[in-house]
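Q: Please take one contact between side chains as a starting point, look at it closely, and then lead me outward to its surroundings and the rest of the chain. I am new to this, so please explain each term once, with its cut-offs.

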Amino acid sequence: MHFVGNPRQPMPDGLPFRLTDYLELVDWTGCVIRKDKRGAIQKSIPPVLDRLGISVENWVTMANEFEKTFKGFVGSSESLTKNIEFFNLERRVGLSSFRQYL
């Protein structure tokens, strides 16, 4: 579903918050996980998109047009290659989108 912003009447179909609010929540959640547990994020590490090396513009495009942007598998070049070999496919569907957005 799309991020449609703060709750209001009439409420459009979608998630009732902004994408930036969601990313902040995910980032905050990772920071408050106990430090002795796997998955904790140090507070000194930059926000999630900075860590992933994804521009805000590319993230918004992917979030709003995921199925249009990626026609096959999604992942790193290595994981795409492994899946293509595993499924005995002839071409790397999605590699150009991966390179463009990620």
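A salt bridge and its surroundings

A: The side chains of R18 and D21 meet in a salt bridge, with 2.7 Å from N to O; the term stands for a side-chain nitrogen of Lys or Arg within 4 Å of a carboxyl oxygen of Asp or Glu. What you see is a predicted model, in which local features need pLDDT of at least 70 and side-chain atom pairs count only at pLDDT 80 or more, while totals for chains, interfaces and linings use all residues. Residues are numbered from 1 along each chain as its sequence is written, and side-chain values use heavy atoms, with hydrogens and water left out.

A search of the whole structure finds one salt bridge. Are its two partners buried or exposed? R18 is partly exposed at a relative accessible area of 44%, and D21 is also classed as partly exposed, at 24%. Here buried means under 20% relative accessible area, exposed means over 50%, and partly exposed lies in between, with a 1.4 Å probe and protein chains only.

Next come the aromatic rings. The count comes to four aromatic pairs, where rings of Phe, Tyr and Trp (its six-membered ring) pair if their centres lie within 6.5 Å, and planes under 30 degrees apart are called stacked, over 60 edge-to-face, and the rest tilted. In one of these pairs, F3 and F17, the ring centres are 5.6 Å apart and the planes stand at 55 degrees, so the pair is tilted. Both F3 and F17 lie in the segment before α1 (19-32), so their pair ties together parts that are 14 residues apart in sequence. Helices (H or I, at least four residues) and strands (E, at least two) are DSSP runs, numbered from the N terminus. F3 is partly exposed at 25%, and F17 is partly exposed at 27%. Another aromatic pair, F86 and F87, is edge-to-face, with 5.0 Å centre to centre and 90 degrees between the planes. F86 counts as exposed at 66% relative accessibility, whereas F87 is partly exposed at 45%. F3 and F17 also belong to one aromatic cluster together with Y22.

The segment before α1 holds D13 as well, and this residue is exposed at 72% relative accessibility. The C-alpha atoms of D13 and H2 are separated by 7.9 Å, although the two residues are 11 residues apart along the chain.

We can now turn to the interior. The largest nonpolar core consists of eight residues, L19, L23, V48, L49, I54, M62, F70 and Y101; such a core is a set of buried Ala, Val, Leu, Ile, Met, Phe, Trp, Tyr and Cys residues joined through side-chain atoms within 4.5 Å. Both α1 and α2 (48-52) supply at least two residues of this core. In soluble globular proteins, nonpolar side chains tend to be buried together. The loop between α2 and α3 (56-64) contains G53, which is exposed at 57%. Its C-alpha atom is 10.0 Å from that of Y101, a residue 48 residues away along the chain.

Farther along the chain, α5 (77-86) is followed by a loop that leads to α6 (95-101) and contains F87. Which residues of α5 are buried? They are L80, T81 and I84. Seen down the helix axis, these buried residues fall within an arc of 100 degrees, so they line one face of α5; the arc is that of the directions from the helix axis to the C-beta atoms. The face turned away from this buried side carries the exposed residues E78, K82 and F86.

F86 also joins F87 and L89 in a nonpolar surface patch of about 350 Å². Patches are made of residues with over 30% relative accessible area and no salt bridge, with like charges joined within 9 Å and nonpolar side chains (Val, Leu, Ile, Met, Phe, Trp, Tyr) within 5 Å. The areas come from the Shrake-Rupley method with a 1.4 Å probe, and for residues only the protein chains shown count as cover.

N88 sits in the loop between α5 and α6 and is exposed at 67%. Although N88 is not a glycine, its phi is positive, about 55 degrees. Most residues other than glycine have a negative phi.

Finally, the whole: the protein has six helices and zero strands, and 24% of its 102 residues are buried.
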